[in-house]
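Dear colleague,

Here is the structure I said I would pass on, followed by my notes on it. Please read them with the model open.

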Amino acid sequence: MMYFQRCLFHIFLILLLFHDLVGSSDGNPVAGDVYTLSCGINATWMNSTGAIVVNDSNTIVSNGNLTFNPLLTSHGGKYSCVADNITSGYNVTVQIPQLTAAAVPPGSVVYSGSSASLFCAFTVPSVVDTPVIVKTLWIGPQGLGSRTTITTSQSTVIYNTTLQISPISTNDSGLYQCVGYISSSNSYILASSNSSANITLSVQAL
């Protein structure tokens, strides 16, 4: 019964810490997708600044369509097209894809009374080309561990997080999970869903 109550408590804390997470929404494209907006033939497309959208390495204007290939987080925003003297407006809200998570266990046997470092790396996808907030959290047999929040303007970056346990005991043996997600202050960019990696730690008594 105590184990069940502790599990419920951990779930409650995770929901509390990640309360601002925005899950996937139907109809919202994910960064990395090929995404097309359609308008009339010979339409002129403009972005939120009023600048005319022209072809570039990942934006194609053809036959009245505006295609993002691939869709980047920087493509989120308002667009308008003018065709036959009629102006139409479009909102493009981009979902951030998941981080890639990789966990590394201690490289040697861990004995009670010593210390242990658990390592986890999160990689931001290259299609995320806007400032984002990377949040990570450790969860283990004893509850929640360290939490980090990092704001970045770079893309394709690896973020490392380490859980240090010292002194360690046999009670610290068990499954550890590093959890991370990406969010943005831009209302046209939706947060990714959680990604995680697991480490099983075995602590031996002296």
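Strands β3 and β4 (residues 65-68) pair in the antiparallel sense, over four bridges. This comes from a predicted model, so please treat every value below as computed from that prediction. Within the pairing, I60 has T67 in β4 as its bridge partner. The two strands belong to an open sheet of three, in the order β1-β4-β3, with antiparallel pairing. Its edges are β1 (35-38) and β3 (59-62), each of which pairs on one side only. On average, neighbouring strands in this sheet are turned by 15 degrees against each other, direction ignored. As general background, strands of a sheet pair through backbone hydrogen bonds, in either a parallel or an antiparallel manner.

There is another open sheet of three strands, ordered β8-β10-β13, and its pairing is antiparallel. β8 (100-104) and β13 (158-165) are at the edges with a single partner strand each, so one side of each has no neighbour in the sheet. From one strand to the next, the twist averages 20 degrees. Between β8 and β10 (residues 116-123), which run antiparallel, there are five bridges. A101 is found opposite F122 of β10.

Next, the aromatic side chains. How many aromatic pairs does a search of the whole structure find? The search finds two. In the pair W45 and Y90, the ring centres are 5.2 Å apart and the planes stand at 45 degrees, so this pair is classed as tilted. The cut-offs behind that word are under 30 degrees for stacked and over 60 for edge-to-face, with the rest counted as tilted. W45 is in strand β2 (residues 44-46) and Y90 in strand β6 (residues 86-92), so the pair ties together parts 45 residues apart in sequence. Are W45 and Y90 buried or exposed? W45 counts as buried because its relative accessibility is 1%, and buried means under 20%. Y90 has 23% relative accessibility and therefore counts as partly exposed.

Two buried residues come with C-alpha distances that you can check in the viewer. S192 sits in the loop between β15 (189-190) and β16 (195-201), and its relative accessible area is 0%, so S192 is buried. The C-alpha atom of S192 is 9.2 Å from that of V30, with the two positions 162 residues apart along the chain. V134 is part of strand β11 (residues 132-140) and is likewise buried, with a relative accessible area of 0%. From V134 to I182, 48 residues apart along the chain, the C-alpha separation is 4.6 Å.

Last, a pocket. In general, rolling a probe the size of a water molecule over the atoms shows where empty space is left. The second largest pocket has a volume of about 160 Å³. It is lined by 13 residues, and those closest to its centre are N47, V53, S74, H75 and Y79. Which element gives the largest share of this lining? That is strand β5 (residues 77-83), with three residues. Sorted by class, the lining of this pocket holds seven polar, four nonpolar and two charged residues.

Regards

Conventions. Residues numbered from 1 in each chain as written. Predicted model: local features only at pLDDT ≥ 70, side-chain atom pairs only at ≥ 80, totals over all residues. Heavy atoms only, no water. Pairing = 2+ DSSP bridges. Axes fitted to C-alpha atoms, helices over the stretch in contact; angles between N-to-C directions. Phe/Tyr/Trp six-rings, centres within 6.5 Å; stacked < 30°, edge-to-face > 60°. Buried < 20%, exposed > 50% of the residue type's maximum accessible area, 1.4 Å probe, protein only. 1 Å grid on protein atoms, 1.4 Å probe; cavity = no way out; pocket = protein on both sides within 12 Å on 5 of 7 lines; lining within 4 Å. Points joined across faces, edges and corners; volume = space filled by probe spheres on them. Nonpolar A, V, L, I, M, F, W, Y, C, P; charged D, E, K, R; others polar.
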